[in-house]
Amino acid sequence: MTEHFDTLIIGAGLSGIGAACHHQRDCPNRTYIILEARTRMGGTWDLFRYPGIRSDSDMHTLGYDFKPWTDAKAIADGPAILSYIQETAAEFGVEDHIRYDARVVAMEWNSDAAHWHVTYQSESGATSQMTANFIISAPGYYRYDEGHNPHFEGREDFTGDIIHPQHWPEDYEYSGKKIVVIGSGATAVTLVPSLAETAAHVTMLQRSPTWIASRPDTDWVANTLRKILPENAAYAVSRAKNIAYTRFIYNTAQKKPKKVGDHLLKLIRKELGPDFDVEKHFTPNYNPWDQRLCLVPNADLFKAMKVGKADVVTDHIERFVPEGIKLKSGEILEADLIVTATGLQVVFAGQAKLSIDGGEKNLGETFAYRGLMFSDVPNLVSIFGYTNASWTLRADLISRFSCRLMNHMDAQNLDYVVPKAPADLKANPFIDFEAGYITRVVEELPKQGDRDPWRNRQDYRFDKSVLLRDAESHEGLEFGRKFKQDAAA
């Protein structure tokens, strides 16, 4: 017989483990399983092993709403975050529900049975099947097996090493090497100061600058509160404080982008001195928060530059040459190692083939219901976090919404819930966000509509007010029972 579960959670990373904990707490009567494509839990925080890997959000908001972050560092490194995920899984007893080496390759909805028929595959190629009434998709938002690797002319001519950060070799020795890091995003600004600690020199090569902000890696308010308040209370206050602060910065940047930009540049000039060309190397051609703001804790990037261990070059690549990279300006950057911090390949809700009653379903042709369900796709919720705040803030809300939805269906003896988009809905991009990893795949993503509940607002306060309502109050959702059962009755 084919295995059957009430709920299938796809992915055992930060979002999937969180979803399982919510499910365990709030849906105790529902059976569930987690299918994880890799052989370890942790997702991003287990996969990424490049030097300096860390969060770019504070852990009082990147952490779960039900599990206090108690380390002194609010901007945590990858191993600390992985440990937090593993500890949470053990504490809530979800480890025994994880099936590893199980990549979901196909999900087929059967309306007569009102369940999903799921095919998953091991690394060896062996396939297995199961059925599930409800799916929570939390496999992350990018391909784990391959990063974004643009073509560089002459790549094969370079005589040194080339590494993409997503596939950093274990125990790779870079001490004493001349290193060029291609990129200016979160990965690049993390790598450069970390590599610079032992490398001969590190150059961050960028086509155009990114908005960068520095802040301490510790939160003195949170650390003080833990000394005088119970753990949960201290965490709740710190979390609320940081949510409000991030929201204030984002909203101010939307209303007064020049003021925020000028302030950020002023802080960089203070770090690098009046003679540094901040206009060329740190002044982007877009407004703050049109793309995600890059965080450098304790000004570590600027400190590495001030002592001469690192620098920034703003130019275009003409080609790779044996000794390094030749720029359009004619300059050659010599390198022993080139790190292509060129980004991720975004995929939405995994790469599994999706079909409804035998017909293939393309999510790029659907409308996203509040950014978490899809028009005419039953019993499926996808976790996709915020671009303007910590990912987990939204992941927690979506998990809690899912539990409310499933509990309502169980209480009312309902078999399915499906979003139904109105015919006159106008299509807009899923996210109003200009980052390259999003714009490269915008046509493949679901669309958001021109009005609620089909907008993807990226607003925590708004989402909290609507996603935690009683399930039956959500307009745009159609509930029902299996047709054949009704007919037989």
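The dialogue below walks through helix packing, backbone geometry and ring contacts in a predicted model.

Student: What should I keep in mind about the model before reading any numbers?

Tutor: This is a predicted model, in which local features need pLDDT of at least 70 and side-chain atom pairs count only at pLDDT 80 or more, while totals for chains, interfaces and linings use all residues. Residues are numbered from 1 along each chain as its sequence is written, and side-chain values use heavy atoms, with hydrogens and water left out.

Student: Let's start with helices. How do the axes of α1 and α11 cross?

Tutor: Helices here are DSSP runs of H or I with at least four residues, strands are runs of E with at least two, and both are numbered from the N terminus. Axes are lines fitted to C-alpha atoms, for helices over the stretch in contact, with angles from 0 to 180 degrees between N-to-C directions. Helix α1 (residues 14–26) and helix α11 (residues 391–411) have axes that come within 9 Å and cross at roughly 35°. Their crossing is right-handed, meaning that the near helix is turned clockwise from the far one by less than a right angle; anticlockwise would be left-handed.

Student: Which residues of α1 and α11 meet?

Tutor: Contact means heavy atoms within 4.5 Å. On the α1 side, the residues include Leu14, Gly18, His22 and Asp26, and they meet a set in α11 that includes Trp391, Ala395, Arg400 and Met406.

Student: Now the backbone. Where is the cis peptide bond?

Tutor: Most residues other than glycine have a negative phi, and most peptide bonds are trans. Here a cis bond joins Asp452 and Pro453, with omega about 5°. Pro453 belongs to the loop between α12 (436–439) and α13 (460–467).

Student: And what is phi for Asp171 and for Arg370?

Tutor: Asp171 has a positive phi near 65°, and Arg370 has a positive phi near 50°. For surroundings, buried means under 20% relative accessible area, exposed over 50%, and partly exposed in between (1.4 Å probe, protein chains only). Asp171, in the loop between β7 (161–163) and β8 (178–182), is exposed at 72%. Arg370, in the loop between β19 (368–369) and β20 (373–374), is buried at 6%.

Student: Does Arg370 sit over a ring, and if so, which one?

Tutor: A charge sits over a ring if NZ of Lys or CZ of Arg is within 6 Å of the ring centre and within 35 degrees of the ring normal. The charged end of Arg370 sits over the ring of Tyr369, 5.7 Å from its centre. Arg457 lies over the face of Phe462, at 4.0 Å from the ring centre.

Student: How many aromatic pairs are there?

Tutor: Rings of Phe, Tyr and Trp (its six-membered ring) pair if their centres lie within 6.5 Å; planes under 30 degrees apart count as stacked, over 60 as edge-to-face and the rest as tilted. The structure holds 22 such pairs. In one of them, Trp109 and Trp116 have ring centres 5.5 Å apart and planes at 65°, so the pair is edge-to-face. Trp109 is buried at 4% relative accessibility, and Trp116 is buried at 0%. Tyr386 and Tyr460 also form an edge-to-face pair, 6.4 Å centre to centre with 80° between the planes. This pair links distant parts of the chain, 74 residues apart.

Student: What does Asp463 touch?

Tutor: Asp463 is in helix α13 and is buried at 4% relative accessibility. Leaving out residues up to four places away in sequence, Asp463 touches Tyr386, Arg394, Leu397 and Leu468.
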